[in-house]
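Take a look at the structure below. We will walk through it in short steps, from charged pairs to a ligand and on to a helix.

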Amino acid sequence: MAGNTDPSPPLRINPAAFDAFTADYDVAFTHSNLGQMLRQRVWRVLAACFQAGQTVLELACGTGEDAVWLAQRGIAVVATDGSAEMVQATAVKAQQADVASLITPLQLSLQDVGQFGKLRHSYDGAFSNFGGLNTLDDWRPLAAALAQQIRPGGYLILVPMGPVCPWEIGWHFVHGEWGTAVRRLRQPAAARIGADLIPVWYPSARRLRRDFAPWFDCLRVESLGLWLPPSYLAHWVDRRPRLFATLNRLESKTARWSGGWGDHVVMVFKHATR
Ligand SMILES: C[S@@+](CC[C@H](N)C(=O)[O-])C[C@H]1O[C@@H](n2cnc3c(N)ncnc32)[C@H](O)[C@@H]1O
């Protein structure tokens with residue numbers, strides 16, 4: 001998600017703002033060394049939770065990179081996003097990868113959880129990768145809606161941006177950008193996406209654990225982007241591949257013990273049978 005901020009913007013939740021992001025998203029992030037390192041870590045989690053023959057719901061699917069990866073492993077995906085352009089990019093990517101029969105791209109905003117009932121019931125699981133959830137300020141309605149959609153015992157993997165990103169604080173502090181260094185502590189912060197300023201919230205792992213607790217048990221929390229920098233510094237990683245490959249290995253080993261700090265946080269939930 002974009003790193004630019006404005007201290008006093010008129011904020012409006014607007015998933016369509018991400019239309020402007022679509023064309024550059026894969027070049028700027030997905031195909032960068034950093035994007036690939038981070039995504040492979042999430043893929044390891046998805047591979048442990050989902051199996052061929054299952055159907056999963058994806059929220060805020062972006063350009064469909066994860067949906068295609070799952071479909072190539074025989075997992076059907078209903079891939080939703082609030083941005084029409086992102087949904088279209090997912091459809092195109094699914095065609096190009098020859099897995100369109102396993103991917104159902106659908107425009108759906110996270111604010112419209114009431115619409116979830118119109119989707120297929122009893123998914124084997126659901127997930128949302130890289131920050132789509134940060135355009136919500138209340139996750140309980142989403143948790144309640146997902147509890148209706150995911151079968152008991154099904155997994156839910158969430159990868160929101162967290163409130164404490166030491167790299168971001170350090171980077172902007174060193175550059176004298178004090179406001180940006182601590183922007184995640186303002187709720188909501190403002191992110192410029194194309195021509196729009198949208199509100200962004202940074203829930204702690206504890207907050208999400210609590211909001212999902214009536215329906216989901218939290219099994220695991222891992223840092224993603226603790227030793228590795230935020231996505232807007234992907235060009236840095238491209239210039240120092242060996243250093244960041246080492247930091248990636250270090251991060252993989254320590255992620256379970258860093259208390260949910262990092263640019264993103266990977267949370268694994270299981271739909272409780274209580
Ligand atoms: C940083 S991208 C992540 C995309 C994708 N999950 C990935 O792993 O590359 C964030 C995505 O969230 C979507 N998004 C943001 N706010 C949303 C909302 N309120 N409802 C649905 N989608 C939203 C955007 O359109 C964008 O595709």
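Start with one term: a residue is buried when its relative accessible area is under 20%, and exposed when that value is over 50%. Anything in between is partly exposed. Keep in mind that this is a predicted model.

Now use the term. Is Asp66 buried or exposed? Its relative accessibility is 2%, so Asp66 counts as buried. Asp66 has a charged partner: it forms a salt bridge with Arg39. The closest N and O atoms of this pair are 2.9 Å apart. Asp66 sits in helix H3, residues 65–71, while Arg39 sits in helix H2, residues 33–49. The two are 27 residues apart in sequence, so the pair ties together separate parts of the chain. Arg39 is at 5% relative accessibility, and therefore it counts as buried too.

How many salt bridges does a search of the whole structure find? The count is 10. Another of them joins Arg183 to Glu168, with 2.9 Å between the closest N and O atoms. This pair also links distant parts of the chain, 15 residues apart. Arg183 lies in the loop between helix H7 (178–181) and strand E6 (189–193). Glu168 belongs to helix H6, residues 166–174. Check both against the cut-off. Arg183 has 2% relative accessibility, so it is buried. Glu168 has a relative accessible area of 1%, so it is buried as well.

A third pair is Glu222 and Arg220. Their closest N and O atoms are 2.8 Å apart. Here the cut-offs separate the partners. Glu222, at 13%, is buried. Arg220, at 27%, is partly exposed. Salt bridges can also share partners: Glu168, Arg183, Arg184 and Asp263 are joined into one network in this way.

Next, turn to the ligand. Which residues around the ligand come nearest? Of the 20 residues there, the nearest are Tyr25, Ala60, Asp81, Gln111 and Asn129. The shell is mixed: nine of its residues are nonpolar, eight are polar and three are charged. Look at some individual contacts. A polar side-chain atom of Asp81 is 2.6 Å from an oxygen atom of the ligand. Ala60 uses its backbone instead: an N or O atom there lies 2.7 Å from a ligand nitrogen. Leu110 also offers a backbone N or O atom, 2.8 Å from a nitrogen atom of the ligand. How much of the ligand's own accessible area does the protein cover? On its own the ligand has 600 Å², and the protein covers 99% of that.

Now move to helix H5, residues 140–149. Its buried residues are Leu142, Ala143, Ala145, Leu146, Ala147 and Gln149. What covers them? The cover includes strands E1 (55–58), E4 (123–128), E5 (150–158), E8 (216–224) and E9 (264–271), together with helix H8 (205–212). A general rule helps in reading any such list: an α-helix has 3.6 residues a turn, so residues three or four places apart point the same way.

Finish with Thr273, in the segment after E9. Its relative accessibility is 68%, so Thr273 counts as exposed. Thr273 still has contacts: leaving aside residues up to four places away in sequence, it touches Pro152 and Gly153. Where is Asp217 relative to Thr273? The two are 56 residues apart along the chain, with 9.6 Å between their C-alpha atoms.

Terms used: Residues are numbered from 1 along each chain as its sequence is written. This is a predicted model: local features need pLDDT of at least 70, side-chain atom pairs count only at pLDDT 80 or more; totals for chains, interfaces and linings use all residues. Side-chain values use heavy atoms; hydrogens and water are left out. A residue is near a molecule or strand if one of its heavy atoms lies within 4 Å of it. A polar contact is a pair of N or O atoms within 3.5 Å; within protein, one must be able to donate a hydrogen and the other to accept it, and residues adjacent in sequence count only if both atoms are side-chain atoms. Accessible areas come from the Shrake-Rupley method with a 1.4 Å probe; for residues, only the protein chains shown count as cover. Ala, Val, Leu, Ile, Met, Phe, Trp, Tyr, Cys and Pro count as nonpolar, Asp, Glu, Lys and Arg as charged, and the others, Gly among them, as polar. Buried means under 20% relative accessible area, exposed over 50%, partly exposed in between (1.4 Å probe, protein chains only). Helices (H or I, at least four residues) and strands (E, at least two) are DSSP runs, numbered from the N terminus. Contact means heavy atoms within 4.5 Å. A salt bridge is a side-chain nitrogen of Lys or Arg within 4 Å of a carboxyl oxygen of Asp or Glu.
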